[in-house]
Amino acid sequence: MAHFVIAGRANDPEYAKAEMLAHHLHANLPDFHVELVPKHPDQWDEYVQTTFAQRRWAHRMASDRTYKQPDSTSLPQMIWRKSGELIGNTKDFMRMMNETYNEQMTLDDDMLSDISNEIMTQLSSN
């Protein structure tokens with residue numbers, strides 16, 4: 001069973017891209033599960049630092065055998081397996097899903113912008 005956690009700024013089109021691919025895989029693969037964690041942009045940097053420290057990723061390689069840094073430049077989105085293995089950002093997740101499931105998703109920039117605006121609106125209304 002695959003269970004991923006996808007976290008990112010609610011207004012980020014790249015977060016929207018990861019979320020849409022995860023929804024597609026969840027709908028089409030019975031053992032694919034995802035937990036979505038959209039964060040307000042003002043909360044993102046602190047969330048990255050806190051989560052990175054809690055999960056002790058500073059001294060563990062990500063799934064691509066590289067060390068990730070707990071900053072919004074190298075991790076503008078943060079994706080990991082529920083088991084704790086850090087995948088990385090949306091680019092890393094997209095590559096892994098293509099290699100593992102032969103699945104990829106192409107959405108135009110306008111659609112991703114619309115989706116990210118919708119996610120931000122939903123987050124703000126809660």
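A residue is called buried when its relative accessible area is under 20%, exposed when over 50%, and partly exposed in between, using a 1.4 Å probe and protein chains only. By that yardstick Gln-104 is exposed, because its relative accessible area is 59%. We will come back to Gln-104 after a look at the whole chain.

A word on the model comes before the tour. This is a predicted model, in which local features need pLDDT of at least 70 and side-chain atom pairs count only at pLDDT 80 or more, while totals for chains, interfaces and linings use all residues. Residues are numbered from 1 along each chain as its sequence is written, and side-chain values use heavy atoms, with hydrogens and water left out.

Let us start with the overall fold. The protein has four helices and four strands, where helices (H or I, at least four residues) and strands (E, at least two) are DSSP runs numbered from the N terminus. Following the sequence, you will meet them in the order β-α-β-α-β-β-α-α. The radius of gyration is 14 Å, close to the 14 Å that the globule rule gives for 126 residues, so the protein is as compact as a globular protein of that length. Here the radius is taken over C-alpha atoms, and the rule is 2.2 Å times the number of residues to the power 0.38. Along its principal axes, the C-alpha trace spans about 35 × 35 × 25 Å.

Of the 126 residues, 40% count as buried. The protein exposes about 7,200 Å², of which carbon and sulfur atoms supply 45%; these areas come from the Shrake-Rupley method with a 1.4 Å probe, and for residues only the protein chains shown count as cover. Contacts, meaning heavy atoms within 4.5 Å, often link distant parts of the sequence: among those with a separation of 6 or more, 67% join residues 24 or more positions apart.

Now turn to a pair of helices. The axes of α1 (residues 13–28) and α4 (residues 109–125) come within 8 Å and cross at roughly 90°. That crossing makes α1 roughly perpendicular to α4. The axes are lines fitted to C-alpha atoms, for helices over the stretch in contact, and angles run from 0 to 180 degrees between N-to-C directions. Angles under 35 degrees count as roughly parallel, over 145 as roughly antiparallel, 65 to 115 as roughly perpendicular and the rest as oblique. On the α1 side the contact uses Pro-13, Tyr-15, Ala-16, Lys-17, Glu-19 and Met-20, and on the α4 side Leu-112, Ile-115, Ser-116 and Ile-119. These residues divide into seven nonpolar, one polar and two charged. In that count, Ala, Val, Leu, Ile, Met, Phe, Trp, Tyr, Cys and Pro are nonpolar, Asp, Glu, Lys and Arg are charged, and the others, Gly among them, are polar.

For a view of the interior, find Leu-86 in strand β4 (residues 86–88). Leu-86 is buried, because its relative accessible area is 3%. Beyond residues up to four places away in sequence, Leu-86 touches Phe-52, Trp-57, Ala-62, Ser-63, Lys-68, Met-78, Ile-79 and Trp-80. Val-5 lies 81 residues from Leu-86 in sequence, yet their C-alpha atoms are 9.6 Å apart.

Just before that strand, Lys-82 sits in the loop between β3 and β4. Lys-82 is partly exposed, at 43% relative accessible area. Leaving out residues up to four places away, Lys-82 touches His-3, Phe-4, Val-5 and Glu-35.

Moving on to helix α3, we find Tyr-101, which is partly exposed at 28%. Outside its sequence neighbours up to four places away, Tyr-101 touches Ala-2, Leu-25, Leu-29 and Phe-32. The C-alpha atoms of Tyr-101 and Leu-29 are 9.4 Å apart, although 72 residues separate the two along the chain.

The loop between α3 (90–101) and α4 holds Asn-102, and Gln-104 is found in the loop between α3 and α4 too. Leaving aside neighbours within four places, Gln-104 is in contact with Leu-21 and Asn-98. Leu-21 is 83 residues away from Gln-104 along the chain, with a C-alpha separation of 7.3 Å.

One backbone feature rounds off the tour. Most residues other than glycine have a negative phi. Asn-102, however, has a positive phi of about 55°, and counts as exposed at 63% relative accessibility. Arg-56 also has a positive phi of about 55° without being a glycine. Arg-56 lies in the loop between α2 (41–54) and β3 (77–81) and counts as exposed at 64%.
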